[in-house]
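Please open the model in your viewer, colour it by chain, and follow the stops below in order. Each stop says what to select next and then describes what is found there.

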Amino acid sequence: MPARVDIEFTLNGVRTRASVPPTMSTLAMLREVLGLTGTKYACGEGECGACTIVVDGRSVNSCLMFAAECDGREVVTIEGIAATECGERLVRAFTEAGAVQCGFCTPGLVVQASALLAANPQPSEAEIRRAIEGNLCRCTGYRKIIDAIASARTGSDPVLAGGSEGR
Amino acid sequence: MSAVPDNRGLTPSSLIGGRIPKMDAPEKASGRARYIHDLQLPGMLHAKILRSAHVHARILAIDTAQAKKLPGVHAVITAADVPWQRPIGVAKDHLPLKTDRVRSLRDEIAAVAADTPEIAEAALRLIRVEYEPLPVLTDASEALAPGAPLIHADRPGNIAMTFDYSHGDVAQGEAESDVVVEDVFRLHYVTHCCMGVSGVIAEFEPNGNLRLYSNTQVPFLHKREFAELLGIDPGRIRIIQPPIGGAFGSKLDIYPFEPIAIFLARITRRPVKLVFTREEEFLASPTRQPVLFRLRSGCKKDGTLTFRIAETLHDNGAYTSWGATTPFVMMQTVSSLYRVPHCKYRTRAVYTNNPYAGSFRGYGNLQATFAVEAHMDRLADAIGMDPLEFRLKNAQEPGETTPQGMHFRTCGLKDCLKSAAERSGYVEKRRANRARQADANPVKRGIGMASMLHVGGGAKIYPSDGCGTILKLDDFAHVTLITGASEIGQGSETVLAELVCEELGLPISAVTVVNNDTDITPWDVGVHASRTTFIAGNSAIGAARKAKAKILAAAAAKTGHAPEDLDLRGGCVVLKASGERVIELGKLIRSLHFQDKAELVMTTHYYEPPSKHQDREFKGDVSAAYAWATQVCEVEVDTRTGIVRLLKVTGAHDVGRVLNRLGIEGQIEGGVVMGQGYALTENLIVEGGVIRNPCFRDYKLVTAPEIPEIDVEFIETMDGEGPQGAKGVGEAPAICIAAAVANAIENATGVRITALPFTPENVYRALAGAAQPPRWRLAD
Amino acid sequence: MSAVERFAAPRSLQEALEILRAGEVTVLAGGTDLMPQSHSGKLPLARVLMSVRRVPELQGITETEGTIRIGAATTIRELRASGLVRGRLPILWQACDRFASDQVRNAATIGGNVCNASPAGDTLVPLLVLEAQAVLVSKPDGAIEERRLPLAEFFLAPGRTRRQPEELLRAIEVPTPPANFVSEFYKFGTRPALDISAISIGFGAVREGGVLRQVRIALGAVAPTPMRASRAEAALEGAAPDEQALAAAAAAALEETRPISDVRASDWYRRELVRNMLPRVVRHACES
């Protein structure tokens with residue numbers, strides 16, 4: 001009988017229980033056990049950032065985190081981020097800046113960007129570049145991703161800021 | 001007449017050249033898009049493949065008994081279980097499951113379908129294979145040597161493909177030359193690194209029809225190939241393409257994992273999903289073609305090119321995929337990027353036990369441009385002419401037909417050269433950098449340029465280079481655009497919607513694009529050759545124009561205006577001259593629909609470009625339009641470490657016309673950075689047939705902090721055949737970078753490096769004089 | 001498949017040490033190295049997988065009486081954000097700034113980096129320069145025992161250290177450098193951080209007048225373990241950092257290194273980098 005670990009944590013604001021094998025990654029748990037497929041697998045060793053999630057307010061690679069380590073913690077995935085004001089702003093900014101092509105890396109980048117903006121609401125271009133150095137993108141050449149994050153800085157784009165206040 | 005109350009005239013407005021966000025971006029950015037990896041069908045099994053443990057060996061025995069006994073395993077198959085399998089690939093030299101011999105480390109020996117990927121993986125470890133190792137052949141020139149072991153018994157001399165092209169008389173050209181240069185260039189292995197790894201789901205419906213969830217770029221060609229492979233009617237195969245996590249040419253061919261998933265689905269009678277790990281993606285997906293390239297070129301003192309002789313040796317790997325056919329494109333650059341009166345080109349693609357190469361954005365043109373543009377600099381320097389002036393002197397112009405038969409109805413090469421040079425300050429910087437080569441500062445600056453020619457109006461390779469469109473307007477004037485053109489992230493759905501909206505006077509929000517299901521979409525040859533905007537765009541415009549004619553005729557009949565006096569703007573039929581609203585479009589369509597002789601506004605259009613198949617000598621006007629570009633790269637070279645930083649890329653691209661500025665900028669920027677990776681960071685290390693760095697830790701893609709400043713100008717030559725004047729652009733931006741960086745490094749250091757990649761150690765070795773330049777080891 | 005039978009998440013040092021004492025434990029800190037190594041089969045996991053991130057005794061950065069103590073479970077992010085580290089141990093801060101990526105820095109711990117004992121481990125070179133000590137704890141028979149080991153003696157081979165199976169790395173202790181201490185960390189690479197260094201160099205010394213005292217040079221990825229280059233240190237000890245002394249130090253360092261050739265760099269190139277960059281690192285430290 002393979003060992004399991006019973007864990008309880010907050011997932012996108014919802015108390016969640018899961019029973020996971022001790023060596024399962026958080027990425028596998030999210031995708032295969034809990035059906036949240038917005039978090040992507042693209043390397044499985046922390047080199048690409050496609051599986052970025054936020055745990056207790058910090059972004060991490062979910063492929064490098066044992067699922068059992070989620071116990072008692074606050075986990076937010078792209079599905080949770082997208083349902084926040086900041087997430088909506090970022091999704092819009094990525095769309096309008098042309099930062100999405102094949103889109104496979106994008107959820108991880110949106111999560112990483114949201115973590116950056118939460119910690120540093122007005123990052124410089126250099127800070128944005130550094131913040132996403134762990135996120136690989138093969139399509140866009142990053143320019144428009146950097147622009148998108150810059151335009152999602154609070155108050156930096158009157159259209160975006162106005163738009164989100166208006167609802 | 002039923003004019004709408006608001007009588008303000010609607011002035012014509014155009015979407016062309018605007019910044020139109022990609023239609024599927026919100027869904028993708030919010031994590032809602034479901035890629036193959038994200039799909040879960042009821043009762044679905046997971047498959048894994050056992051690959052060879054040897055680079056080259058005979059298979060003596062395979063024992064799957066233990067694997068079959070593992071709980072959760074539904075099927076373990078080897079070639080013996082599918083005696084009816086047929087060879088796949090461009091040369092049909094490749095059985096999905098290998099029978100008695102493995103020829104590369106990718107080779108598929110057995111496969112498992114199980115409840116979970118983990119169980120399938122565990123079952124693989126229980127399969128016992130007995131091998132008898134065979135001599136390994138991993139050097140392309142050795143493969144050509146007399147007496148070399150044969151990789152395929154029925155391919156004498158290990159020759160997979162040959163290409164011979166010539167025009168003029170190169171001996172005469174050489175005799176007329178004042179200067180002749182010759183180099184051997186070595187182009188390395190790189191791979192696509194799509195962020196979404198390869199995957200497929202195969203499912204047989206109860207009626208025996210096959211449904212494939214596939215990442216293919218060429219669904220209709222694959223329908224036929226899978227039908228041949230399975231011996232079934234192509235009409236019984238349906239290919240559905242969920243959003244694709246990047247392709248870049250990698251998904252143009254069938255690879256063994258796809259038939260294997262189908263075999264397992266048939267045997268288990270269950271849906272079977274097969275998804276690679278990243279390591280497997282590195283080990284078993286295609287590469288860009290590695291090439292040894294000998295180039296000899298000459299010119300006169302006045303700067304006129306006299307001749308070019310190119311000989312290339314392609315390492316085909318163990319099997320033939322599209323990589324072997326890249327010489328089609330390479331010879332165009334050799335023969336026709338500049339005016340070359342005498343030209344001879346020869347390729348041999350040879351089998352080895354290395355990984356096999358596929359097609360990759362640029363399709364051989366990165367390699368050819370690297371060699372040709374190095375020689376443009378070398379020849380210019382040899383006669384003391386500025387390389388810009390030298391290029392301008394030999395550049396193609398509109399109206400020319402090259403000796404290879406390509407006809408340039410539009411050609412912005414000279415404008416590209418001038419624009420990129422002026423905006424970057426090329427001539428002055430090149431001179432100043434050269435003067436500083438010998439000073440004490442260990443960090444040098446360099447500037448280099450390269451230009452390119454690539455097909456921009458499709459490429460007539462298959463019997464048809466066409467694309468079909470079905471367009472319907474519903475009762476509320478919402479448009480459904482059903483196109484054969486696949487979407488792989490390049491933004492085709494958005495540009496096609498834009499072209500339709502331009503015709504019908506509608507906003508982008510009024511269109512839904514359907515493009516991912518062969519049971520619904522009309523035929524298209526596939527996403528390749530930078531053709532989709534051009535071919536599918538013309539097809540979409542054709543369907544929209546037919547719909548418009550029908551709408552205006554109906555409006556005319558209803559309102560008494562002449563159809564030619566009417567137009568579509570802002571969701572209304574209007575008077576063309578004044579913009580006065582005549583009838584709201586939805587209302588008109590409803591009135592057509594809800595009557596005794598109901599009429600639907602639903603049209604189809606098929607567009608076939610007016611290009612020609614090449615003849616047996618590779619001559620002919622293969623594309624309906626040609627794209628041009630010049631890119632100038634500025635670099636910093638740290639001579640203490642060999643680190644080359646790409647600081648700035650100044651590009652000028654003849655794109656015909658900018659349709660969606662946001663989309664085209666994305667293509668350029670992404671292509672530039674992909675070219676940067678090819679030049680500076682990416683290197684798939686293959687030693688003795690073994691890939692040594694199958695991970696992102698050691699195969700280095702460019703990251704955000706490393707990207708250069710990019711300044712692009714679009715040269716709008718308004719191609720007469722192009723949709724709204726546009727030409728293809730998808731591959732162009734990646735093509736010049738390595739060539740321009742090579743020229744820039746030479747400008748910075750005085751050292752000409754002819755082997756890629758320019759990784760720090762390679763550059764350092766070259767600067768230290770410790771590098772072995774590539775050699776041509778063939779006896780002529 | 002997995003041989004792990006139990007996932008343990010102790011909430012005190014006592015509890016953690018008791019689990020360790022029972023044996024067959026793999027210690028999990030940030031997981032950023034352990035997860036890929038265990039998945040690739042490079043590092044088989046023991047019967048018990050024990051996470052130490054909930055152990056309060058392993059947290060925190062404190063300074064007392066000339067010693068800066070860094071809890072083993074301190075993340076790289078916390079080190080990078082620490083004013084104390086940035087102000088007093090800038091060489092360690094530099095390494096943390098150039099460590100992997102934001103996501104990895106948020107999870108990876110200094111204890112994990114030290115115990116992973118990679119010859120290219122980013123924090124190891126500055127810790128050697130800072131003459132850090134490993135504080136190891138165990139609970140052999142009822143009471144917690146603590147021992148200190150200079151980090152220079154801690155590493156045995158790639159992935160191997162002097163930590164005993166029943167021991168836990170509790171903290172890293174660093175003597176607070178004197179006010180006139182200069183230092184510099186250099187990591188070779190084309191990216192700011194996300195790179196396994198082909199080589200790394202750490203330098204530290206006390207400036208007295210025009211000369212260098214207490215010179216410490218550490219090198220990463222040029223030997224099976226991160227190493228102190230004592231002959232190079234001797235070449236600079238008491239010397240002014242001029243061309244001649246720097247060349248002598250570089251030459252001495254080359255004699256001490258034992259680099260290998262791998263996919264990241266050849267042994268020849270690694271030596272060339274040490275030769276070219278060591279003088280620059282020293283000069284840069286002395287200029288700042």
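Begin by selecting chain A, which holds seven helices and five strands. This is a predicted model, and that should be kept in mind at every stop. If you trace chain A along its sequence, the elements follow the pattern β-β-α-β-β-β-α-α-α-α-α-α. Along its principal axes the C-alpha trace of chain A spans about 55 × 35 × 25 Å. A compact globule of 167 residues would have a radius of gyration near 15 Å, and the 16 Å computed for chain A agrees with that. Of the 167 residues in chain A, 66% are buried, and among its contacts with a separation of 6 or more, 58% are between residues 24 or more positions apart.

**The side of chain A that touches chain C**

Keep chain A on display and add chain C, so that the contact between the two can be inspected. It takes 26 residues from chain A and 28 residues from chain C. On the chain A side, select strand S4 (58-61) and helix H5 (125-131), the elements that give two or more residues to the side touching chain C. The largest share, four residues, comes from S4(A). Coloured by class, this side of chain A divides into 10 nonpolar, 10 polar and six charged residues.

**Chain C and its open sheet**

Now hide chain A and look at chain C alone, where there are 12 helices and 14 strands. The radius of gyration of chain C is 19 Å, close to the 19 Å that the globule rule gives for 288 residues, so chain C is as compact as a globular protein of that length. Its C-alpha atoms fill a box of roughly 60 × 45 × 30 Å, taken along the principal axes. Buried residues account for 55% of the 288 residues in chain C.

Within chain C, select the four strands that form an open sheet in the order S11-S12-S13-S14, with antiparallel pairing. Which strands lie at the edges of this sheet? They are S11 (181-187) and S14 (227-228) of chain C, each of which pairs on one side only. To see one of the pairings in detail, zoom in on S13 (residues 211-220) and S14 of chain C, which run antiparallel and are joined by two bridges; here Leu219(C) stands opposite Met227(C) in S14(C). Then add helix H5 (residues 90-97) of chain C, which lies across S11 and S12 (200-208) of chain C and runs at about 15° to S11(C).

**Chain B as a whole**

Move on to chain B, which has 20 helices and 28 strands. Its C-alpha trace spans about 85 × 75 × 50 Å along the principal axes. For 780 residues a compact globule would have a radius of gyration near 28 Å, and chain B, with 28 Å, agrees. Buried residues make up 61% of the 780 residues in chain B, while residues 24 or more positions apart account for 80% of its contacts with a separation of 6 or more.

**The side of chain B that touches chain A**

Bring chain A back beside chain B: 46 residues of chain B are in contact with 40 residues of chain A. On chain B, select helix H1 (25-29) and helix H17 (661-681), each of which supplies at least two residues of the side that touches chain A. H17(B) gives the largest share, eight residues. By class, this side of chain B has 23 nonpolar, 14 polar and nine charged residues.

**A parallel strand pair in chain B**

Next, select strand S10 (residues 210-214) of chain B together with S11(B); the two run parallel and are joined by four bridges. Leu210(B) stands opposite Ile237(B) in S11(B). Between the two strands the chain passes through helix H6 (residues 219-230) of chain B, and this β-α-β crossover from S10(B) to S11(B) is right-handed. Show the side chains along S11 (residues 237-240) of chain B and you will see them alternate: Ile237(B) and Ile239(B) point to one face and are buried, whereas Arg238(B) and Ile240(B) point to the other and are not.

**Last stop: Pro12(B)**

Finally, select Pro12(B), in the segment before H1 of chain B. Is this residue buried or exposed? Pro12(B) is exposed, because 12 other C-beta atoms lie within 10 Å, and a residue counts as exposed at 12 or fewer. For a sense of distance, draw a line from Pro12(B) to Arg236(B): they are 224 residues apart in sequence and 47 Å apart in space, C-alpha to C-alpha.

Terms used: Residues are numbered from 1 along each chain as its sequence is written. Chains are lettered from A and ligands numbered from 1 in the order in which they are written. This is a predicted model: local features need pLDDT of at least 70, side-chain atom pairs count only at pLDDT 80 or more; totals for chains, interfaces and linings use all residues. A residue is buried if 20 or more other C-beta atoms lie within 10 Å of its own, exposed if 12 or fewer, and partly exposed in between; C-beta atoms are placed from the backbone. Two strands pair if DSSP finds at least two bridges between them. A crossover is right-handed if, with the strands pointing away from the viewer, the path from the first strand over the helix to the second runs clockwise. Two residues are in contact if their C-beta atoms, placed from the backbone, lie within 7 Å. Ala, Val, Leu, Ile, Met, Phe, Trp, Tyr, Cys and Pro count as nonpolar, Asp, Glu, Lys and Arg as charged, and the others, Gly among them, as polar. Axes are lines fitted to C-alpha atoms, for helices over the stretch in contact, and angles run from 0 to 180 degrees between N-to-C directions. The radius of gyration is taken over C-alpha atoms; the globule rule is 2.2 Å times the number of residues to the power 0.38.
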